[in-house]
Amino acid sequence: MRIVFKTSYDADIRLFKHKAQAFWYLLLFALAILLPFLISDFLIGEATLVLIWAICGMGLMVLVGQTGQASLGHAAFMAVGAYSNVLYQEHFSMPFLLSFPLAGLTAGVAGALIAMPITKLHGIYLAIATLAISVLAEDLIVIMEPLTGGVSGLFAPDIEIFGFVFNRYGNPVELYWLVLFITFLIVYLYRNMLRSPIGRSFAAVRDSEVSAKAMGINVARTKMVAFAISCFITGLGGALMGHFATIFTNETFNLIMSITLLLIIVVGGLGTIHGAFFGAIVFVMLPLVISLTRDALTVFADSGSVTIPGLESGLFGIILIGFILFEPMGIYGRWLKIRTYFELFPFYRKDMFRRQKSYLKTERTR
Amino acid sequence: MSLLELKNVTLRFGGLVAVNDVSFSVEEGEVFALVGPNGAGKSTILNMISRLYTPAEGDILFEGKSILGAEPHDVPVLGIARTFQNIELFEQASVLQNLLVGRHTHCRSNFLTDMLFTPFVRAQERVHREAVEHVIDFLDLQPYRQKLIAGLPYGVRKVVEMGRALAVKPKLLLLDEPASGLSVEETQDVAFWIEDIKKVMGVTVLMVEHDMHLVSSVSDRVMALADGSMLSIGTPQEVQTDPAVIEAYLGSDDGTESGEAA
C-alpha cells in the first residue's frame with residue numbers, strides 16, 4: 001500500500017496523485033501511440049472506433065455522471081456535430097482544423113439552447129424530453145433534405161490538415177493517431193473540469209439541488225453549462241464518427257445510438273473518465289468477440305455459418321442487466337475493487353466498498 | 001440597524017397559514033434561537049430567509065435592504081449561509097470537495113478558464129483550499145478530509161454541513177437543528193463551536209433547535225413560536241418561564257390545548 005505524504009495544497013490539485021500514477025498513465029499513452037505497430041490495420045480501425053465512442057461517452061458522462069441529468073437524446077448532438085462539420089467544409093470550404101471545433105461549438109450551442117427549457121424537468125421526465133429530441137432530430141434530418149441530403153445522406157470528405165490526408169481506408173494508422181490526439185485533449189479538458197469550481201458545482205447540482213442553491217450555485221445556469229460542455233464533446237465525437245463512417249444518413253444517428261451511448265457509460269462506470277473508455281471497449285469489441293466465437297463454433301460443430309439476428313444487442317442487454325444487478329459502479333468500479341484487493345493484500349474486506357444508505361432527504365424544498 | 005429583520009411576515013400553503021404575522025430582528029453579533037413544537041413554522045422561516053419560499057405578506061430585510069427580490073442562489077452572495085434539518089450534503093463527493101463548494105460565491109473563474117485550468121484558476125484553488133483548511137482546523141475534520149460523504153457517520157455529516165456553511169464566510173449563519181440526532185458529547189461540541197463562531201469569527205447565528213439545554217446555554221435571545229404565530233421573545237430564561245410558552249408545550253391547566261383552541 002502506498003502512502004502519499006502531502007506537503008502542499010498542490011498535491012490535491014495536481015493531475016496525478018503521485019509519480020507512480022503518472023508513470024502508469026504515461027506508459028498507457030505511449031502504448032496507445034505505439035499500438036499500430038502491434039496490431040493489424042483492421043484492429044486499428046476498431047481501436048479508432050473505440051476512441052470515437054469514448055469521446056462521445058465522455059460527452060454524455062459530463063451530463064449523466066457529473067451533473068446527474070439523464071439524456072436519452074445525445075445521438076441528436078452527435079448528428080449536429082457530424083452534419084455541421086461536413087456542411088461547413090462543403091458550403092464554406094472550411095479546412096477541417098476550423099470546421100471541426102466549430103462543429104463542436106454548434107452542438108454545444110444547440111445543447112445550451114435546448115437545456116434552457118428542458119432542464120426544469122427532473123429524472124424520468126427529463127429522460128423522456130431528451131428522448132423526444134432524439135426522435136425529432138431523425139425527422140428533422142429528413143425534412144431538411146436540401147441541406148442534409150435527407151435519407152440518401154451526406155458524404156464526409158477525407159480529413160485534410162496542412163496537405164496531410166486522413167482516410168479510414170487509405171491510411172488508418174494516421175487517422176488513429178489524429179483521433180488519439182483529440183481524445184487526449186478532451187481527457188485533459190475533462191480532468192481540468194473535475195478539479196475546478198465548475199466540476200464541483202456539477203457534483204453539487206447532481207447530489208442536492210437545494211443545497212447547491214444555498215451555496216450560491218445558479219442551478220439553472222450550471223445545468224445549461226453542463227449541457228453545453230456535454231454536447232460540445234459529443235458533437236466533436238459525432239464529427240469524427242461522420243468522417244469514420246464516410247457516409248451517414250438520418251438512420252446513422254438514431255435513437256438506438258442514443259441508448260447505446262447511455263449503456264456504454266453505465267457499463268463502463270458512471271462518473272469516471274475510465275468508464276467511458278471501458279464501456280466503449282466493451283461495445284466495440286462485443287461484435288468482434290461474437291464473430292470470432294461464431295467462427296470457432298462453426299469449425300467445431302462443422303455446420304454452416306449460423307447468424308442469430310439481434311444477438312449483439314441481446315448480449316449487450318444481458319451484460320447491462322448483469323452490471324446493474326451486481327456492479328452498479330460498472331467496470332471501473334470492479335477494477336477499483338480488484339486493485340484495492342491487491343494493494344491491501346491480505347487485508348481486503350468484502351464490504352469495504354459498501355455504502356451506507358443515504359439519510360432522509362429534504363425533498364419538499366426542491 | 002439590525003442585521004436581519006422580518007416585518008409582519010405571513011406565509012400560506014393553500015389554506016394552511018404556516019407563518020402568521022411574524023416580526024423579529026436579529027442584531028449583529030448575537031445568537032438568536034427559534035424554538036417551538038413541531039410544525040410551528042421555524043424551518044419555514046429559515047426557508048423564507050434563504051428564499052426557498054416567498055412570503056405572501058411582509059418583508060425580510062438584510063442589512064437594511066429587502067431580500068425578497070433575490071433568487072435563492074443570490075442569498076449566500078449577500079452573506080447568509082445555512083445548514084439543513086435533514087443534512088443536504090453532496091453525497092458522492094469528498095468532505096474537502098463539499099467544503100470547497102462552500103467557497104463557490106468567492107470563485108471568480110468561469111467554465112472556460114476552469115476547463116483550461118489557467119494559472120489564475122490554480123492560484124484561486126490554493127486560496128480557497130487555505131480558507132477551507134481553516135474551517136477544517138476549527139471543526140477538527142482533519143481525519144475525514146478525503147472521505148466520501150456517503151460513508152460518513154451521521155454526527156460527522158452534521159459537522160461537515162456546518163463547515164460547508166462556514167466556508168461561505170457568511171455574516172449570518174442559519175442553523176436548522178444543529179444538534180438533532182447528536183449524542184450529548186457531540187451536542188456539547190456544537191455548543192462550543194457556536195460560541196466560537198460568535199466570538200472568534202464574529203458571525204451572527206440564527207438557529208432552530210429543540211434541545212432547550214443547548215438553546216439556553218448558547219443563545220442571547222430566543223423566540224418561541226406555535227402554529228406559525230409568535231408566542232414570546234426574550235432571553236432564554238424569560239421565554240422558558242413565559243406562561244404562553246408553557247401552555248403551548250404542556251397544555252393549559254384546564255386540559256384544553258391552545259393549539260386546538262386556535
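Three exercises with worked solutions follow.

This is a predicted model, in which local features need pLDDT of at least 70, side-chain atom pairs count only at pLDDT 80 or more, and totals for chains, interfaces and linings use all residues. Residues are numbered from 1 along each chain as its sequence is written, with chains lettered from A in the order in which they are written.

**Exercise 1. Check the length of helix α6(A) and find its buried side.**

Helices are DSSP runs of H or I with at least four residues, strands are runs of E with at least two, and both are numbered from the N terminus.

- Step 1. Helix α6 of chain A covers residues 123-143, which is 21 residues. The expected span is 1.5 Å times one less than the number of residues. That gives 30 Å, and the end C-alpha atoms are 30 Å apart, so the two agree.
- Step 2. Buried means 20 or more other C-beta atoms within 10 Å of the residue's own; exposed means 12 or fewer; partly exposed lies in between; C-beta atoms are placed from the backbone. The buried residues of α6(A) are A:L126, A:T130, A:I133, A:S134, A:A137 and A:I141.
- Step 3. These residues cover an arc of only 95° around the axis, so they sit on the same side of α6(A). The arc is taken over directions from the helix axis to the C-beta atoms.
- Step 4. The face turned away from the buried side carries exposed A:I124, A:Y125 and A:D139.
- Step 5. The buried residues pack against α4, α5, α7 and α12 of chain A.

**Exercise 2. Lay out the sheet of chain B and place its helices.**

- Step 1. The 6 strands form an open sheet, ordered β6-β7-β8-β3-β9-β10, with mixed pairing. Strands pair if DSSP finds at least two bridges between them.
- Step 2. β6 (80-82) and β10 (229-234) are the edges, each pairing on one side only.
- Step 3. β3(B) and β8(B) run parallel over 4 bridges. In β8(B), B:L206 is the bridge partner of B:F32.
- Step 4. Helix α7(B) packs on the sheet, touching β3, β7 and β8, and its direction makes about 150° with that of β8(B). Angles run from 0 to 180 degrees between N-to-C directions, with axes fitted to C-alpha atoms, for helices over the stretch in contact.
- Step 5. Helix α10(B) touches β9 and β10, at about 130° to β10(B).

**Exercise 3. Describe the side of chain A that touches chain B.**

- Step 1. Contact means C-beta atoms, placed from the backbone, within 7 Å. 33 residues of chain A contact 41 residues of chain B.
- Step 2. α8, α9, α10 and α11 of chain A each give two or more residues. The largest share, 7 residues, comes from α9(A).

Definitions and conventions. Two residues are in contact if their C-beta atoms, placed from the backbone, lie within 7 Å.
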